Each structure stands twice: as structure tokens, then as C-alpha cells.
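Visitor: I'd like to go through the salt bridges in this one. Can you put the model up?
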Amino acid sequence: MTVAAVLLVYAACAGTLGARMLGRARWHARAPLLAIITYLAAAWSVVAALGLAGLTLAVHATALGGGLSQLIGACVLRLREAYATPGGATAAGLGLTLAGAVMARTVATAVTHLRAVRQHALRHAQTARLVGRAEPALGAVLVDHEQPAAYCVAGPHPTVILTTAALETLDPDQVDAVLAHERAHLSSHHHRLLASAKIGRQVLPFLPLMRDADTQIARLVEMHADDAATAGRNAGALATALVVLAAAAGPAPGLAAAATDAVQRIQRLLRPADPLSRVRRQLLGAGAAALALTPVLLALTPAIVALALGRVPAA
């Protein structure tokens with residue numbers, strides 16, 4: 001019961017206060033991929049904590065220090081104790097309900113979301129290939145349209161799409177920078193990161209952390225693609241291209257070059273901040289790993305203590 005309560009408190013605190021703490025961080029733009037990992041680790045640790053809270057209510061801590069037969073015997077004895085009393089049966093029932101609800105909602109949401117995204121991406125890529133023409137020199141599908149636009153569609157047939165207006169409006173260096181930005185989205189599998197954030201938000205939409213993770217990761221993947229596109233080339237070309245594309249931007253499917261926070265990204269490209277030091281990156285990476293592992297460590301605390309003391313915990 002104590003471990004379950006601690007896990008529930010962790011989920012509540014991380015889901016509310018965690019959004020505020022991560023939102024106040026000023027290093028995100030200097031290490032966008034690390035920020036994405038941190039947001040996802042924090043968000044999914046909340047989901048894991050809720051599921052594990054239910055499991056620890058249903059199955060109390062058992063011995064891990066002995067052999068397998070001793071472990072199975074301890075499990076059986078402990079379960080008999082729990083279910084022999086009305087209180088134990090009620091707690092176990094609530095725990096199984098919570099764990100089952102979290103798991104079922106997560107799986108159902110993930111399957112529904114991923115299926116819908118896959119179908120949409122497949123249809124859009126097929127349509128673009130039908131109405132446009134492949135340009136091997138560009139590595140993109142060129143679509144006749146009067147609005148300058150560039151975006152990519154992931155899925156079974158990853159496709160970079162460029163309009164004729166964009167090709168006519170941008171100079172060659174700008175076109176190369178924009179296409180490199182879109183290819184970075186595909187090679188870095190940003191659509192998977194976005195899907196993870198959106199699924200988490202749909203599973204627990206009432207928690208600020210889940211909402212913020214979805215919003216912030218949409219920004220951060222664009223910054224990460226900007227960094228990949230400008231590595232070894234002049235960032236001014238991409239910044240200028242973003243000005244052109246943002247001025248004419250309308251609602252575009254997929255991951256569009258100028259779809260999110262174009263002004264902030266242009267300023268970031270023109271006035272780049274110093275990268276994070278190696279030590280700070282390692283510390284932040286360790287923090288993200290700690291967030292991901294915290295629910296598991298909390299759930300296993302009684303077993304860890306039992307191993308350390310060399311005995312089987314009674315409850």
C-alpha cells in the first residue's frame with residue numbers, strides 16, 4: 001500500500017509540477033534532442049507510475065533473494081494472505097483495475113493513433129506522387145502550386161514534397177537548406193517522437209505535463225531539424241527560406257519547414273547560442289534517465305531492501 005501511494009504521489013507531482021519545472025528551463029533551444037528525450041521520459045514515467053501503482057496494490061512485494069522456487073512460494077503465500085481478507089481483496093481489485101485501465105487505454109490509444117497517422121501519411125504520399133513528379137536531383141516530389149511550401153510525409157513511403165512556387169522563389173542554397181531540413185525530419189524519425197507525445201497526451205489529457213510535452217516536442221523537433229540542416233552550411237540560407245515560407249504559409253500536412261514558431265527559429269539561426277558543455281549534457285542526460293527509471297525503482301524498493309538485508313519482506 002505504501003509503495004502504491006508513493007507512486008501515485010510521484011505521478012501527481014511529476015504530471016503537474018514537472019510541467020512547470022521543465023517549462024522554466026532555458027537550455028532547450030541549445031540541445032533540442034536532449035530536451036525531447038527529457039520531456040518524453042518525464043511524461044511516460046507518469047504513465048508507468050500509475051500502472052505500477054496498480055500492480056503493487058494487487059501484488060505486494062515478495063522475496064527476490066532466494067531461488068526461483070522460494071520466490072514462487074513467497075508469491076503464492078503473499079497472495080493468499082492478501083485475498084483472504086476483505087481489505088486485501090478490495091485493494092487488489094482496485095490495483096488490478098487501475099493497472100488494467102492504464103494499460104488498456106495506452107494500448108488502445110496507441111493503436112488508434114498510429115493506424116490513423118499511417119493511413120493519412122500513406123494516402124497523402126500516394127496523392128503527392130500522383131499529382132506531382134519525382135525529381136531525383138532534388139530527392140523530392142515536385143508539386144505544381146502557387147504557394148511556396150516544403151514539407152515531408154513519413155510512413156510506409158517517406159516523401160519530401162516541394163511546390164513549384166518554392167522552387168521558383170528560393171535560390172539554390174535556400175532550396176538545399178529546406179530539403180536538408182525535411183530529410184532530417186525523416187532520418188531522425190521525428191514523426192515517432194511526435195506520436196509518442198501525442199499518445200501520452202491522449203492517455204492522460206488532464207495532466208499539464210502531457211499537454212506541454214506534446215506542444216514543446218512539436219517545437220523542438222523543428223529546432224533539431226534546423227540544426228541538422230545547417231551543420232556544415234550557412235544558417236542564413238535556411239533562415240531566409242523560413243522567412244519566405246512562413247510569409248506564405250497555410251495549413252500544411254506533415255512536418256512543414258515553416259510550420260512551427262518560425263520567428264523564434266529564425267532568430268535562433270541568426271543568433272545561435274553556445275552549445276551546452278559536455279558535462280552539462282551528461283548531467284541532463286542522467287536526469288532524463290533518472291526520470292524514466294524512477295517509477296520502476298520505487299516499485300522495486302521493497303525487493304531491493306529485502307535483497308540488501310538478505311531476507312524476505314513480510315509485506
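Guide: A salt bridge here means a side-chain nitrogen of Lys or Arg within 4 Å of a carboxyl oxygen of Asp or Glu. The model is a predicted one.

Visitor: How many salt bridges does the structure hold?
Guide: There are seven salt bridges.

Visitor: What does Asp-226 pair with?
Guide: Asp-226 forms a salt bridge with Arg-265, and the closest N and O atoms are 2.8 Å apart. Asp-226 lies in helix 8 and Arg-265 in helix 10 (residues 262–270), so the pair ties together parts 39 residues apart in sequence.

Visitor: Are Asp-226 and Arg-265 buried or exposed?
Guide: Both Asp-226 and Arg-265 are buried.

Visitor: OK, Asp-214 next. Which side chain does Asp-214 meet in a salt bridge?
Guide: That of Lys-198, at 3.4 Å from N to O. Asp-214 is in helix 8 (residues 208–230) and Lys-198 is in helix 7 (residues 190–203), so this salt bridge ties together parts that are 16 residues apart in sequence.

Visitor: Why does Asp-214 count as buried?
Guide: Because its relative accessible area is 9%, and buried means under 20%. Lys-198 is partly exposed, at 35%.

Visitor: Switching to the strands. What does Asp-144 bridge to?
Guide: Asp-144 forms a salt bridge with Arg-133, with 3.6 Å between the closest N and O atoms. Asp-144 sits in the loop between strand 2 (140–143) and strand 3 (150–153), while Arg-133 is in strand 1 (residues 133–135), eleven residues apart. Asp-144 counts as exposed at 54% relative accessibility, and Arg-133 as partly exposed at 40%.

Conventions:
Residues numbered from 1 in each chain as written. Predicted model: local features only at pLDDT ≥ 70, side-chain atom pairs only at ≥ 80, totals over all residues. Heavy atoms only, no water. Helix = DSSP H or I, 4+ residues; strand = E, 2+ residues; numbered from the N terminus. Buried < 20%, exposed > 50% of the residue type's maximum accessible area, 1.4 Å probe, protein only.
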